[in-house]
Amino acid sequence: MSRPHEGRRTRPHALRDQLTAALAEIARIDRPLARSTAQIRDTLWAPPRVVVAGRVKAGKSTLVNALIGDLVADTAATECTKVVAVYQDGAPARAEAVKVGGARHTVRLVDGRPTELGCPTDEVAYLDRFLPSRLLRNMVLIDTPGLATITTGNEHATRRALIDGFGQTRDASVNADAAIFLFDATPRADEVQFLRELGFSAVNTIGALAKADTLGEGAFGDVDPIDAARAQSAVIAESMSASLLTVQPVAGLLAQTAQTGQFTEADADALAALAGLSDTALELWLEAETPSIGTDTERDRLLDLLGEYGLRHARKLAPRGAHAVNSWLQQRSGVDELRANIELDLTRSVLITRAVRACTEIEHLALTHPAGGQIRSYLRQVRQTPQAHTMAEFKAMHALTRSDPESPWVGELRQILIGSGIAGRIGLPPTADRNTVAGELDRRLRKVHEAGLMGGSAAEEQAVAVLLRTYSMMRRAI
């Protein structure tokens with residue numbers, strides 16, 4: 001089994017190792033426990049399952065293609081885009097429709113994509129897509145039809161797979177661990193509500209402005225739309241810090257073109273022919289009934305690959321060839337930053353949630369097995385480690401974001417969970433000296449002590465108790 005990101009060791013990684021060791025000891029007790037613990041262990045080590053959600057036409061499938069590096073998700077309106085699709089590593093390449101009741105049947109592929117489902121869309125819970133893909137070894141991507149569409153079946157399919165289905169039957173659920181939620185600008189009320197219903201926390205949900213190259217005044221405006229998207233992302237991240245880990249601007253079309261190898265030397269030649277045009281002349285070329293340079297077909301293809309933003313800016317690089325253009329598309333698209341956040345930050349939070357689930361399942365084994373005392377002793381050893389306290393921090397933050405998302409403790413718990421090292425976990429730069437770190441910890445300890453005396457809601461009291469232990473452990477460690 002692939003074990004991703006072993007080089008990036010974090011507290012959740014250490015916790016997973018400890019739980020894996022405990023499961024190995026429990027498995028030695030007898031054969032039925034060996035089978036049960038194998039299932040728990042496999043879930044602990046499986047790639048994170050990341051759902052891409054948002055409104056219809058928000059750019060979800062384009063972003064999925066960019067992250068996978070292949071044109072596997074159809075961006076046109078077809079029968080298969082009306083159902084949830086789960087993309088995972090597997091050979092040979094194939095597609096299987098999973099019905100609401102759990103039955104499966106093979107779906108025919110044409111040019112690597114499914115064409116017809118073979119049954120009504122409302123009978124399909126989701127489409128399983130298996131692709132031999134290096135990128136999918138480290139994460140499973142889940143594409144959704146979209147929210148708030150005039151076709152209510154699309155939103156119903158999304159909700160059934162992500163929310164309703166999980167509460168009713170796992171046959172109808174894709175069992176997602178984390179989410180990338182796409183916005184087009186300012187989040188709407190129904191999008192914020194959907195995020196709450198999705199049930200994820202602020203450390204396993206990333207927001208994205210996936211059409212960053214079209215924001216504001218567009219490609220020919222005075223302000224670069226990607227720069228405008230970066231500023232807007234910061235505003236959204238600040239206002240929705242209780243729901244989102246971060247918000248990133250991503251030019252999905254540029255990312256898809258750069259990652260899938262569609263832009264060729266012939267395209268570079270066609271684009272290079274426009275390098276000498278002024279911006280005004282380029283706008284006229286785009287609007288002309290018949291282009292003065294090149295053909296209609298070439299113009300349409302360049303627009304499909306680059307959009308107006310890519311045409312305006314990448315044409316200066318085109319004389320240097322397709323590689324130079326693709327490198328610029330990659331850099332400007334923001335896809336590398338998004339992938340890094342998925343692979344490090346979302347993976348880390350998924351490890352925590354799976355560790356919590358694994359502990360619950362081990363407790364159940366202890367309740368139902370004659371060797372319950374022995375099983376509990378192995379679990380107790382894990383829970384007594386400093387790394388296991390991460391689960392308490394996560395549960396405290398999750399409970400608080402559900403009951404009181406405006407609480408100041410949400411931000412502190414969030415930083416503790418996503419920060420690296422003691423300094424990073426309390427919001428200090430990694431270069432902070434020992435005295436500075438100690439002083440900040442002492443200040444925080446006084447604050448949580450005072451808050452504990454004042455009382456509050458059950459979730460707040462839990463958060464204060466968890467923070468008191470967290471800061472005390474950190475203070476002893478420096």
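Is the crossing of helices H2 and H12 left-handed or right-handed? In this predicted model, the crossing of H2 and H12 is right-handed.

Two packed helices are described by the angle between their axes and the distance between the axes. For helix H2 (residues 31-45) and helix H12 (residues 335-368), the axes come within 9 Å and cross at roughly 170 degrees. Because angles over 145 degrees count as roughly antiparallel, H2 and H12 are roughly antiparallel to each other. On the side of H2, the contact involves Leu33, Ser36, Thr37, Ile40, Thr43 and Leu44. These residues meet Leu351, Arg354, Ala355, Arg357, Ala358, Glu361, Ile362 and Leu365 in H12. Sorted by class, the contact of H2 with H12 comprises eight nonpolar, three polar and three charged residues.

A second element examined was strand S1, which spans residues 49-54. Six of the six residues of S1 are buried, so the strand is largely enclosed by the rest of the structure. The burial applies to both faces of S1: Arg49, Val51 and Ala53 point one way, Val50, Val52 and Gly54 point the other way, and all are buried.

Strand S1 is also paired with two strands. Strand S8 (residues 140-143) runs parallel to S1 and is joined to S1 by four bridges; within this pairing, Arg49 stands opposite Val140 in S8. Strand S9 (residues 178-183) likewise pairs with S1 in the parallel sense, here over five bridges. In that pairing, Ala53 of S1 stands opposite Phe181 in S9.

Note on methods:
Residues are numbered from 1 along each chain as its sequence is written. This is a predicted model: local features need pLDDT of at least 70, side-chain atom pairs count only at pLDDT 80 or more; totals for chains, interfaces and linings use all residues. Side-chain values use heavy atoms; hydrogens and water are left out. Buried means under 20% relative accessible area, exposed over 50%, partly exposed in between (1.4 Å probe, protein chains only). Two strands pair if DSSP finds at least two bridges between them. Axes are lines fitted to C-alpha atoms, for helices over the stretch in contact, and angles run from 0 to 180 degrees between N-to-C directions. Angles under 35 degrees count as roughly parallel, over 145 as roughly antiparallel, 65 to 115 as roughly perpendicular and the rest as oblique. A crossing is left-handed if the near helix is turned anticlockwise from the far one by less than a right angle, and right-handed if clockwise. Contact means heavy atoms within 4.5 Å. Ala, Val, Leu, Ile, Met, Phe, Trp, Tyr, Cys and Pro count as nonpolar, Asp, Glu, Lys and Arg as charged, and the others, Gly among them, as polar.
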